[in-house]
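Colleague: I am new to this structure and would like a close look at a single part of it, the place where the opening strands pair. Could you take me through that part with care, and then show me how the rest of the chain is arranged around it?

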Amino acid sequence: MGFEKFGRKSFTAMTKTAKFVDFLAEGKINGTVCKKCGTKYFPPRADCANCFSNEMDWFEMPKKGRLETFTTAMYAPFGFEADPPYTMGVVDFGNGLKLFARLAKDIKPEDVKVGMDVTVRTLKYDDGQLSFEIAKA
Ligand SMILES: [Zn+2]
């Protein structure tokens, strides 16, 4: 599967980390980990920014973390004009591992709090595009 299956609008089909989308299709949210120095990356990277190795492996992201910050978009960029308002956030899993995503629509904006326990899950849109989102723990 190519990277064009990722997200609501995918602006690139070619990437060295396209296998990320195959994992999403399997219900897994995976990052990459450097085989040489052990640094973990999300979003996945094909090359290590710490030791410059290109020997990377995949690992499954933790399911649970804490919401570090969030914001609600009232306007959207090209390709997402019909979506606002929507809330995006950063999940902190500890050890420097973080994930940025939208919050699931079933989380009411007034219920979103910094520090709340959350989980992450894969998402398939009606048109078959794949992504991931932050959900209630
Ligand atoms: Zn490394």
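Modeller: Strand β1, which covers residues 30-34, pairs with β2 in the antiparallel sense over 2 bridges; strands here are DSSP runs of E with at least two residues, helices are runs of H or I with at least four, both numbered from the N terminus, and two strands count as paired if DSSP finds at least two bridges between them. This is a predicted model, in which local features need pLDDT of at least 70 and side-chain atom pairs count only at pLDDT 80 or more, while totals for chains, interfaces and linings use all residues. Residues are numbered from 1 along each chain as its sequence is written.

Within this pairing, Thr32 has Tyr41 of β2 as its bridge partner, and Val33 has Lys40. The hairpin of β1 and β2 has 5 residues between the strands, and in it Gly38 takes a positive phi near 85°. Val33 also has a bridge partner in β3, namely Asp57, and β1 and β3 run antiparallel, joined by 5 bridges. The outcome is an open sheet of 3 strands in the order β2-β1-β3, with antiparallel pairing. Because β2 (40-41) and β3 (56-60) stand at the edges with a single partner strand each, one side of each is left without a neighbour in the sheet. As background, strands of a sheet pair through backbone hydrogen bonds, either parallel or antiparallel.

Further along the chain, β4 and β7 run antiparallel and are joined by 3 bridges, with Asp117 of β7 as the bridge partner of Arg66. Strand β7 also pairs with β8 in the antiparallel sense, over 7 bridges, and the hairpin of these two strands has 5 residues between them, with Gly128 at a positive phi near 90°.

One residue to follow here is Glu133, which lies in strand β8 (residues 130-136) and is the bridge partner of Arg121. Glu133 is partly exposed because 19 other C-beta atoms lie within 10 Å, where a residue is called buried at 20 or more such atoms within 10 Å of its own C-beta, exposed at 12 or fewer, and partly exposed in between, with C-beta atoms placed from the backbone. Leaving aside neighbours within four places in sequence, Glu133 is in contact with Ala101, Arg102, Leu103, Ala104, Arg121 and Leu123, contact meaning that the C-beta atoms, placed from the backbone, lie within 7 Å. The C-alpha atoms of Glu133 and Ala104 are separated by 6.0 Å, although these residues are 29 apart along the chain.

The largest nonpolar core has 20 residues, of which Leu24, Val91 and Val120 touch the most other members; such a core is a set of buried Ala, Val, Leu, Ile, Met, Phe, Trp, Tyr and Cys residues joined through C-beta atoms within 7 Å. Two or more residues of this core come from each of α1 (19-25), β4 (64-73), β6 (97-103), β7 (117-124) and β8, and the largest share, 4 residues, comes from α1. Not counting residues up to four places away in sequence, Leu24 touches Ile29, Thr122, Leu130 and Phe132.

Stepping back to the whole chain, the secondary structure comes to 1 helix and 8 strands, and buried residues make up 20% of the 137 residues.

Key
Two residues are in contact if their C-beta atoms, placed from the backbone, lie within 7 Å.
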